Structures are given as structure tokens and as C-alpha cells.
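Colleague: Could you take me through one helix of this model and a histidine within it?

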Amino acid sequence: MTDKINKDKITHIVSAPGKVLLAGGYIVLDPNYTGLVFGLSARIHVVAQDVVSSSSSASSSEILVDSPQFDIDSWSYTYESIPENGGIKVTQVSSPTNKNHFVETTLNYVLSYITQHHPNVSIKPSRFSIVADNDYYSSTTPTTSSSSRFKPLGQTISKANKTGLGSSAALVTSLTGAILTHYLPSSLFSLSNPYSRLALHNLAQAVHCAAQGKIGSGFDVASAVYGSCIYRRFSPSILKAIPQPGTPGFAKAVEETIHGEWDHKTEKDKTAIPEGYAIRMVDVTGGTQTVSMVKSVNAWREANKEESDELFGELQGCVEGLAAALKEGEEGGIKKAMKPVREIMKKIGDLSGTPIEPESQTKMLDALEGVEGVVGSVVPGAGGYDAAAILVRDEQDKGTIKRVEKFLEGWSEKKGVKAKLLDVLGETEGVRVEDLKTFRW
Ligand SMILES: Nc1ncnc2c1ncn2[C@@H]1O[C@H](COP(=O)(O)OP(=O)(O)O)[C@@H](O)[C@H]1O
Ligand SMILES: C[C@@](O)(CCOP(=O)(O)OP(=O)(O)O)CC(=O)O
């Protein structure tokens, strides 16, 4: 699969992690509160390559983006300059019915930003290949016994079953980082420079909101950029001046917005993953409709201001308490700090009539917490039926993982669901440039 990538032509590989919001679902949408988010070892990698002139995959005036793990998922674009500070607009030239809105929006924003902010930089034909760690998708088709790290999925992206690790935020962040690193000299853009990282953060948030067609809290993009942190959201009004890509003034508005005042906050030093413990994710079949769950919680909040303020305040206390307990690293303290996260999330769900920790999850999590070596559990993010996050003893006791896997096997059989421990681990690092010599394919 990855043999389709010409390794001699690679200029950079940039990767960004998936996310898990351990505490602070719903409240993090309001800038008065925060959320505790961890990065995940499952990363999306973008491989930037110079185009080989003899290659038929991208002509001399095209940018090719492909996702070689998936069937027929490649998108090639021509690009043109738009007058009056409109920047660059890409037009898809290959199979126009198979669009990737996240990729196209990223190209329009990032290429426009580059040409507006650095008018002397030329946009040369290039190829960006996306490879995702296997845990982003639950494989439903038997794949080849490929020994490569990035397994082919035997279907198109639109048909793939996502596990909810935040693929679009990791994709937008790694693709934005790869385009900036590829086209700009390190004197102008480098991930080791905090100003560059901030520009990447702001740009990736703007792209992600535009591509999603809604403004979430942005905790997923923040953790893709910065890794684990306590996150306070940016004001949505920051993005309001940006018109549609391809219109006059677009690039100028993007540049001004990216370098304007942002009011988000990411605190990295307030939490950690304690030594000897690991954050693990459990994938349960069934989907969660985050958007309708948010609507339902918001409606309850509007109608019950006092009660919801109180519970939101309590959950805020949990965010800080859990972050501090994890940093402290004492098992008893972590257990104590995780318990009320579940209780308050469940209460918000019950009061608003939203299945945040539905009964089926309560039963599974209660039983899971009884497995030796499991310190605590939560329904991550918006909650729902499809995922759980657990903190387990790791190094000290290798048996825990086996016990959890055995428990989930038995639970799945008994309940007629498919609950599975993912390989993915919580990790603290955000977007990074990979070392080409040691990169594992
Ligand atoms: N490996 C990938 N290659 C290309 N595009 C991807 C990849 N993973 C995700 N995407 C893009 O992100 C979209 C999924 O976004 P979304 O439904 O918001 O999922 P998530 O909750 O995982 O972020 C896909 O339709 C596709 O446009
Ligand atoms: C409700 C939220 O605060 C948290 C949702 O977290 P999830 O991890 O459940 O998100 P998705 O992967 O986008 O479905 C919404 C937000 O903060 O944007």
C-alpha cells in the first residue's frame, strides 16, 4: 500500500494525534469553563512529496492529495490566483463526484494564507499522502495480511466505520502542518517555534470550522496541535470576518484573522499521564450523534439556568480535580477524581433527557471498574453509546490489559454488542515533524 509513495521524493512527514476529552464535555463549549483533553497514540500522518515530472499521478500544475489506505480515494487539484487579495482557489480535476471537503478547504485556506503572508513563496506542484493509524477505523472487511503499519481498509473513506478518535481534526492539523512545512523555509515556519505553532493552531481551527460547517469548542484541533492540556475555547466571533474561499479579500481576511487576537487557552503543565498507568479507549458498536446531543443539552440549559449552572460548575471542579490528580499520580486520588466525572455527566444526561451515560454504558462501566487494574472509567467527549475511556495500571501489571480484553469479550457475547479495547494509548505530544530515517512504515 505505502509502496505507492515514492520515498525518495519525500520532503517531510507531519503527524497529529487523535483526541479523547476525558472530562468537560458540553461545558467546554462555553468559554467560562474548560475541558481536560488528551492526545492519542493514533496519529494521522501527511507525507509531503515533490512531484516527479515523469509521474502520471500529478501533472506539472497540480496538487495531488491521496489516501492510499482507501479504495479510489485520491483528489487532484489545479490552482489559480484570485484577484484583490482573494488568495488561491483550488479546483478538483479528478473524479469531481468524489469530493473531500476537509482536504479542499485546507488547501484553499493554507495556500491562500501562504501566498498572502509570504508573497515571494511560489506554490510548486506537490503531492500530499495521508496515512492514518489503524485504530481510527474499525475494520469490517478482512484485510490482507499486510505487514505494513498502515493497513489497507478495502473501502472508500465514506464507507469506513470511524471509531470516534477525531480523524478530521487530526487530518486538518497534520495536512495544514505539512503544507506549511513543505512550502515555507524553516526560517519562516517551524513547529519548534511557538509563534509558528500558534499560527498553525489558529489556521487549523479556522479550516476545521469552515469544513464542518459549524463551530464546536475546538478541543480536538487544540489537542491535535498541542497534545494533552486543559483547554479553554476561543470566541466564535474571531472567525466571522472570513468570506468564502475564492472571493476577493479572502486571503487578507484569513491572514488578519490568523494573526489577530485569539482568546483560547491551552495549559499543558497542569496535567500528565502518571507513570505506570495508561489511558485506553473502548470502542462499542453504535454511533453517537454529537450534534443532536449538544442541542438537547443546550435546550435544557436554557430552560434551567440555575440548576445547569450548578452542575456545570461542579463538572468544572472535576476537570481541574482530575487534571491535578493525574499529575500527582496517586492511584487513590485518581480514582476519587474520576468517580464524580461519571456521576455529573450522567446527571446532566438524565436531567436533559440526553443519553450521555445511557444505562447500557453504566452497567458496562460499573463492571469494568471491578476488573483488577482498572482505576476508573468515563464516557468521553459528548458521551453516548459508542465509547468509553479507562485509566488502567500499565507497566506495573501487564495482566490488566488481558483481563480487560477478556472481560469485554464476555460482555459482548452476553449483551450482543461488540465492545473492544483499542490499541490506542493516551499520549501527551501534539503535532510533530517525523524523523524520516526512523519513521516506521
Ligand atoms: N485518512 C483520511 N484521509 C482523507 N480524509 C480523511 C481521513 N480521515 C478523515 N478524513 C476526512 O475527515 C472526514 C471525517 O470527519 P468527521 O465525520 O468529522 O469525523 P471525525 O469525527 O473522525 O472527525 C472524512 O469524510 C474525510 O473528509
Ligand atoms: C459535546 C462536546 O463538548 C464534546 C464532544 O466530544 P466528542 O469526542 O464526543 O466529539 P466528536 O468526536 O466530535 O463527536 C462538543 C465540543 O466540545 O465541540
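Modeller: At the start of H3 (helices being DSSP runs of H or I, at least four residues, strands E, at least two, numbered from the N terminus), a side-chain oxygen of Asn193 comes to within 2.7 Å of the backbone nitrogen of Tyr195. This is a predicted model, in which local features need pLDDT of at least 70, side-chain atom pairs count only at pLDDT 80 or more, and totals for chains, interfaces and linings use all residues. Residues are numbered from 1 along each chain as its sequence is written, and side-chain values use heavy atoms, with hydrogens and water left out.

Colleague: Which residue just after H3 takes a positive phi?

Modeller: The helix itself covers residues 194-212. Just after H3, a positive phi of about 75° is taken by Gly213.

Colleague: Is His201 buried or exposed?

Modeller: His201 is part of helix H3, of whose 19 residues 14 are buried, so the helix is largely enclosed by the rest of the structure. Buried means under 20% relative accessible area, exposed over 50% and partly exposed in between, with a 1.4 Å probe and protein chains only. Because its relative accessibility is 0%, His201 counts as buried.

Colleague: Which residues is His201 in contact with, leaving aside its neighbours within four places in sequence?

Modeller: Contact means heavy atoms within 4.5 Å. The C-alpha atoms of His201 and His259, 58 residues apart along the chain, are separated by 11 Å. With its neighbours within four places in sequence left aside, His201 is in contact with Val221, Ala222, Val225, Tyr226, Trp262 and His264.

Terms used
Chains are lettered from A and ligands numbered from 1 in the order in which they are written. A polar contact is a pair of N or O atoms within 3.5 Å; within protein, one must be able to donate a hydrogen and the other to accept it, and residues adjacent in sequence count only if both atoms are side-chain atoms.
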